[in-house]
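This report introduces a protein structure to a reader who has not met it before. It treats one helix, then the nonpolar cores, and finally the pockets.

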Amino acid sequence: MNGRVEPVLGWRLWRLRGMRLESWAASYTWEPGENTARCLAPLRRCAHAPGAGCRCGFWALFSLLQCVERACAERSERSTVVGLIQGWGEVALHGSEGFRAERASIACLLTDWPWDAPRALSEGGHGGRWRPRLRRALRHLSSPPPPEPWHARMLREAAALYGVPLVSLEESLRIGLLEELGVDELMRGEARTWVEMRTR
Ligand SMILES: [Zn+2]
């Protein structure tokens with residue numbers, strides 16, 4: 001764990017609650033701009049989040065597909081939003097998987113529905129290095145659930161409320177938004193693979 005000046009970037013999930021974004025795995029409603037984590041553990045709360053050996057802090061994953069995989073593991077959840085955050089302050093790195101950060105803000109939100117993954121993958125020899133991960137993400141895809149009917153509209157309102165770009169993943173790559181936000185080549189490569197697979 002170390003204090004950081006440079007923000008670290010990662011993908012994460014929210015649920016839409018009205019036009020607000022609620023953490024996927026914790027009872028926390030995100031604020032526009034800077035968010036400061038506090039420990040939500042039922043017992044033995046950490047003095048400062050992210051505590052060692054705890055689950056507190058704003059988590060994010062470096063792998064977009066791992067994030068999508070998590071989203072697709074909950075079939076009944078139809079208000080999911082995927083986006084990118086900047087984390088800073090005290091940051092607990094979880095190997096190459098992701099991090100938990102003391103402070104975080106939303107960098108951008110995606111219009112992409114997690115279930116809209118490349119179906120062609122299960123058939124062909126596509127995907128390159130990301131293939132195993134794509135495969136895992138796709139195992140849930142037999143009959144993808146649709147988003148809530150109000151999803152697109154509320155997501156637009158959420159992006160306005162939080163003051164962040166709302167783009168499709170494809171667009172974020174095309175206009176160079178991810179690069180501009182500081183997303184590294186490895187993460188962008190994975191995002192590009194997902195986009196390419198869907199348009200095949
Ligand atoms: Zn904690």
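## Helix α1

The buried residues of α1 are L64, L65, Q66, C67, V68, E69, A71 and C72. Because eight of the nine residues of this helix are buried, α1 is largely enclosed by the rest of the structure. The model in which this is seen is a predicted one.

At the N-terminal end of α1, S63 acts as a cap. A side-chain oxygen of S63 lies 3.3 Å from the backbone nitrogen of L65.

## Nonpolar cores

In soluble globular proteins, nonpolar side chains tend to be buried together. Here, the largest nonpolar core holds 31 residues, and those touching the most other members are W11, L64, L84, L110, L169, L178 and W194. Two or more residues of this core come from each of β1 (2–17), β4, α1 (64–72), β5 (80–94), β6, α5 (177–181) and α6. The largest share, six residues, is supplied by α1.

L178 illustrates the contacts made by one of these core residues. Leaving aside residues up to four places away in sequence, L178 touches W11, L84, L169, S172, L173, V183, R188 and A191. A second core, separate from the one above, has 28 residues, among them C39, A49, A104 and Y162.

## The largest pocket

Rolling a probe the size of a water molecule over the atoms shows where empty space is left. The largest pocket contains about 610 Å³ of space. Its lining consists of 25 residues, and R55, C56, G57, W59 and R100 lie nearest the centre of the pocket.

Strands β4 (58–61) and β6 (98–110) each contribute at least two residues to this lining. The largest share is that of β4, with four residues. By class, the lining of the largest pocket comprises 14 nonpolar, five polar and six charged residues.

## The second largest pocket

The volume of the second largest pocket is about 180 Å³. Lining this pocket are F62, S63, Q66, S96, E97, W130, R133, D184, L186, M187 and E190. Two of these names have appeared above: S63 caps the N-terminal end of α1, and Q66 is among the buried residues of that helix.

Which helix gives the most to the lining of the second largest pocket? Helix α6 (residues 185–199) does, with three residues. The lining of this pocket divides into four nonpolar, three polar and four charged residues.

Terms used
Residues are numbered from 1 along each chain as its sequence is written. This is a predicted model: local features need pLDDT of at least 70, side-chain atom pairs count only at pLDDT 80 or more; totals for chains, interfaces and linings use all residues. Side-chain values use heavy atoms; hydrogens and water are left out. On a 1 Å grid over the protein atoms alone, a cavity is a set of points where a 1.4 Å probe fits but cannot get out, and a pocket is an open set with protein on both sides within 12 Å along at least five of seven lines; lining residues have an atom within 4 Å of a point. Grid points are joined across faces, edges and corners, and a volume is the space filled by probe spheres set on the points. Ala, Val, Leu, Ile, Met, Phe, Trp, Tyr, Cys and Pro count as nonpolar, Asp, Glu, Lys and Arg as charged, and the others, Gly among them, as polar. A nonpolar core is a set of buried Ala, Val, Leu, Ile, Met, Phe, Trp, Tyr and Cys residues joined through side-chain atoms within 4.5 Å. Buried means under 20% relative accessible area, exposed over 50%, partly exposed in between (1.4 Å probe, protein chains only). Contact means heavy atoms within 4.5 Å. A polar contact is a pair of N or O atoms within 3.5 Å; within protein, one must be able to donate a hydrogen and the other to accept it, and residues adjacent in sequence count only if both atoms are side-chain atoms.
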